[in-house]
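Student: Could we go through this structure slowly, with the reasoning behind each term spelled out?

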Amino acid sequence: MTQVPLTARGAEQLRAELEHLKKIERPRIIEAIAEARAHGDLKENAEYHAAREQQGFVEGRIKEIEGKLSNAQIIDVAQLPRTGKVVFGVTVDVLDVDKDEEHTYVIVGDDEADIKQGKISVSSPIARGLIGKGEGDVAMVDAPAGKRELEVLEIRYE
């Protein structure tokens with residue numbers, strides 16, 4: 001499998017979720033299954049079926065996170081060379097020239113992306129348009145809402 005970029009912060013969040021699932025959720029579900037089994041007939045036991053379904057979701061998420069972490073190329077933004085260019089992991093302030101609006105984006109891995117927090121995926125059209133640009137450069141971006149002209153105002157390595 002190919003390596004997937006992931007920020008150090010994103011990797012830490014995935015590890016924390018994995019630990020929570022393994023040490024808290026998994027034992028809680030096993031206990032719920034055991035308790036539901038004690039009630040007898042499993043065919044018509046809604047508690048048992050709900051607990052088994054939860055177990056399936058948790059086990060699936062554990063495998064998914066373990067797979068992501070095993071294929072992750074963890075990049076510590078603090079260790080990146082300060083080239084003055086937009087690269088994976090940086091925080092970039094841009095001006096949408098057409099709308100005269102400023103936006104702040106953090107370029108992260110696909111699994112970390114959350115537009116509400118200003119985190120955009122490295123594979124998104126905006127990030128692809130900004131990669132390699134420096135302060136003062138203008139990027140023409142083919143976003144889903146149409147073409148956008150974004151001027152790079154500031155690049156921060158946070």
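**Reading the helix and the sheet**

Tutor: Yes, and please keep in mind that this is a predicted model.

Student: What makes strand 6 and strand 7 a pair?

Tutor: Two strands pair if there are at least two bridges between them, and 6 bridges join strand 6 to strand 7 (residues 146-156), so the two count as paired, and they run antiparallel. One of the partners can be named: Ala-143 has Gly-146 in strand 7 as its bridge partner.

Student: Why are strand 5 and strand 6 said to stand at the edges?

Tutor: The open sheet has 5 strands in the order 5-4-3-7-6, with mixed pairing. Strand 5 (119-121) and strand 6 (138-143) each have a single partner strand, so one side of each is left without a neighbour in the sheet. On average, neighbouring strands of this sheet are turned by 45 degrees against each other, direction ignored.

Student: How do you know that the span of helix 1 is close to the expected one?

Tutor: Helix 1 (residues 8-38) has 31 residues, for which 45 Å is expected at 1.5 Å a residue, and from its first C-alpha to its last it reaches 44 Å. Helix 1 nevertheless bends by about 35 degrees at Leu-21, and Gly-40, with a positive phi near 105 degrees, follows helix 1.

Student: Why is Leu-21 called buried?

Tutor: Buried means under 20% relative accessible area, and Leu-21 is among the buried residues of helix 1, which also include Leu-14, Leu-18, Glu-25 and Ile-29, so its relative accessible area is under 20%. What covers the buried residues of helix 1 includes strand 1 (4-7), helix 2 (46-70) and strand 2 (72-75).

How values were computed
Residues numbered from 1 in each chain as written. Predicted model: local features only at pLDDT ≥ 70, side-chain atom pairs only at ≥ 80, totals over all residues. Heavy atoms only, no water. Helix = DSSP H or I, 4+ residues; strand = E, 2+ residues; numbered from the N terminus. Axes fitted to C-alpha atoms, helices over the stretch in contact; angles between N-to-C directions. Expected span 1.5 Å × (residues − 1). Bend = angle between axes of the 7 residues up to and from the residue. Buried < 20%, exposed > 50% of the residue type's maximum accessible area, 1.4 Å probe, protein only. Contact = heavy atoms within 4.5 Å.
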